[in-house]
Amino acid sequence: MFEATIAGSLPKPSWLAEPDRLWAPWKLEGAELDAAKRDATLLAVKIQEDAGIDIVGDGEQARQHFVHGFLERVEGIDFAHKVEMGIRKDRYKAMVPTVTGELRLKGRVHEMEAKAARAHTKKKLKFTLPGAMTIADTIADRFYGDKVKMAMAFADLLNQEARALEKDGVDVIQFDEPAFNVFMDEVTVWGIDALHRAAAGLTCTTAVHICYGYGIKANVDWKDSLGKEWRQYEDIFPALAASKIKQVSVECRNSKVPIDLLALLKGKDILVGAIDVASDQIETAEDVAATLEAAMKFVPKEHILACTNCGMAPMRRDIAAAKLKALGDGAALARKRFG
Ligand code: ZN
């Protein structure tokens, strides 16, 4: 009960990539970069273990960004000529690559870090992959001419890598779908289908993460425009509840999402976001336990896990470590108090 886990990314060490930013450029190249990614992965696992995190991840140390880390290993994409595109319904502009041909995996995507993490921890291991809808919203298309068709092609590639990760000994595979909160109407039409396609045949635990994004300015401004109550989840939770995905990761801490909406996810394990990634203020164990307690009013406690609101990639490393510790301690406190 109240197992602690993380949404996905952790900040990278400054010897691996430029600190305190998203899309951080690597500091090394070639074989040196490969070795550094592996070292940083082991460190990320260790930091989580020390903080009392029960289901650990690779901290996404080996990828520059949660979407493009996957895309780099896909054939049929032109990375040389990036184009500017408004993403998440034009919330911000990003330089994105373009699909120019049939999509195919060049080989494994996350084998190195999955095997490295698996070899060095006895804890349950979680791996994140971008969701097909979010990928389709983070890339330009000059080949498929149809967003859904392209997304389904990506879902097949995600499935290929997910099955391989399962063979590597990964216990939980999570698809990150922040786009679900933006294209709510499309989630029911094809988003869940794409999710199922990406998760087809998996026997490990499956999860989906939906959120209001990292604590970068464009996201903070967007959140400010959403009004007093954020009810986007209300439109998509019933469809997720009816899906085959076992766990749903959502943001709760310092969020304007009415917590009673969690009741719409009946039957699912909920990864309750109890750590705000958009603030440098470090939560206490009491804060974390209080967030879990609030969720308990709408979710049976045996279905609650303690999690971060979102990835911590752009955060200061010492602050992220302190927040992880609060998460581990808070989950333990909740177990003692409500278990
Ligand atoms: Zn997120």
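User: What order do the strands take in the open sheet of 7 strands, and how do they pair?

Analyst: Start with the general idea. Strands of a sheet pair through backbone hydrogen bonds, either parallel or antiparallel. Now the case here, in a predicted model. The open sheet of 7 strands runs β1-β4-β6-β7-β8-β9-β10, with parallel pairing.

User: Which strands stand at the edges?

Analyst: β1 (55-57) and β10 (304-308) do. Each has a single partner strand, so one side of each is left without a neighbour in the sheet. Neighbouring strands of this sheet are also turned against each other, by 30 degrees on average, direction ignored.

User: Let us look at one pair. How many bridges join β9 and β10?

Analyst: Strand β9 (residues 269-275) and β10 pair in the parallel sense over 5 bridges. You can trace the matches residue by residue. Ile 270 has Ile 304 in β10 as its bridge partner. Leu 271 stands opposite Leu 305 in β10.

User: What links β9 to β10 in the β-α-β unit, and what is its handedness?

Analyst: Helix α9 (residues 285-296) is the middle piece. Together β9, α9 and β10 make a right-handed β-α-β unit.

User: Which residues of β10 lie on each face?

Analyst: The general rule comes before the case. In a regular strand the side chains alternate between the two faces of the sheet. In β10, Ile 304, Ala 306 and Thr 308 are on one side, and Leu 305 and Cys 307 are on the other. Both faces are covered. The count agrees: 5 of the 5 residues of β10 are buried.

User: Which residues touch the most other members of the largest nonpolar core?

Analyst: Again, the idea first. In soluble globular proteins, nonpolar side chains tend to be buried together. Here the largest nonpolar core has 105 residues. Ala 132, Ile 270, Val 272, Leu 292, Ala 306 and Leu 327 touch the most other members. Helix α5 gives the most to this core, with 8 residues.

User: What does Leu 327 touch?

Analyst: Leave out residues up to four places away in sequence. Then Leu 327 touches Ala 4, Ala 51, Ile 53, Ala 274, Ile 275, Val 288, Ala 306 and Thr 308. Two of these names are familiar: Ala 306 and Thr 308 are buried residues of β10.

User: Back to α5. What span should α5 have?

Analyst: Helix α5 (residues 147-167) has 21 residues. At 1.5 Å a residue, they should span 30 Å. The end C-alpha atoms are 30 Å apart, which agrees. The buried residues of α5 include Phe 154, Leu 157, Leu 158, Glu 161 and Leu 165. Just after α5, Gly 169 takes a positive phi of about 100 degrees.

User: Is Asp 146 buried or exposed?

Analyst: First, place the residue: Asp 146 lies in the loop between β5 (140-141) and α5. Then count its neighbours. A residue is exposed if 12 or fewer other C-beta atoms lie within 10 Å of its own. Asp 146 has 10, so it is exposed.

User: Which strands does α5 lie across?

Analyst: It lies across β2, β3 and β5, running at about 75 degrees to β3. These strands form an open sheet of 3, in the order β2-β3-β5, with mixed pairing. The edge strands are β2 (74-87) and β5. Strand β3 (residues 92-105) pairs with β5 in the parallel sense over 2 bridges. In that pair, Thr 98 has Ala 140 in β5 as its bridge partner.

Conventions
Residues numbered from 1 in each chain as written. Predicted model: local features only at pLDDT ≥ 70, side-chain atom pairs only at ≥ 80, totals over all residues. Pairing = 2+ DSSP bridges. Helix = DSSP H or I, 4+ residues; strand = E, 2+ residues; numbered from the N terminus. Axes fitted to C-alpha atoms, helices over the stretch in contact; angles between N-to-C directions. Buried ≥ 20, exposed ≤ 12 C-beta atoms within 10 Å, placed from the backbone. Right-handed = clockwise from strand over helix to strand, strands pointing away. Expected span 1.5 Å × (residues − 1). Core = buried A, V, L, I, M, F, W, Y, C linked by C-beta atoms within 7 Å. Contact = placed C-beta atoms within 7 Å.
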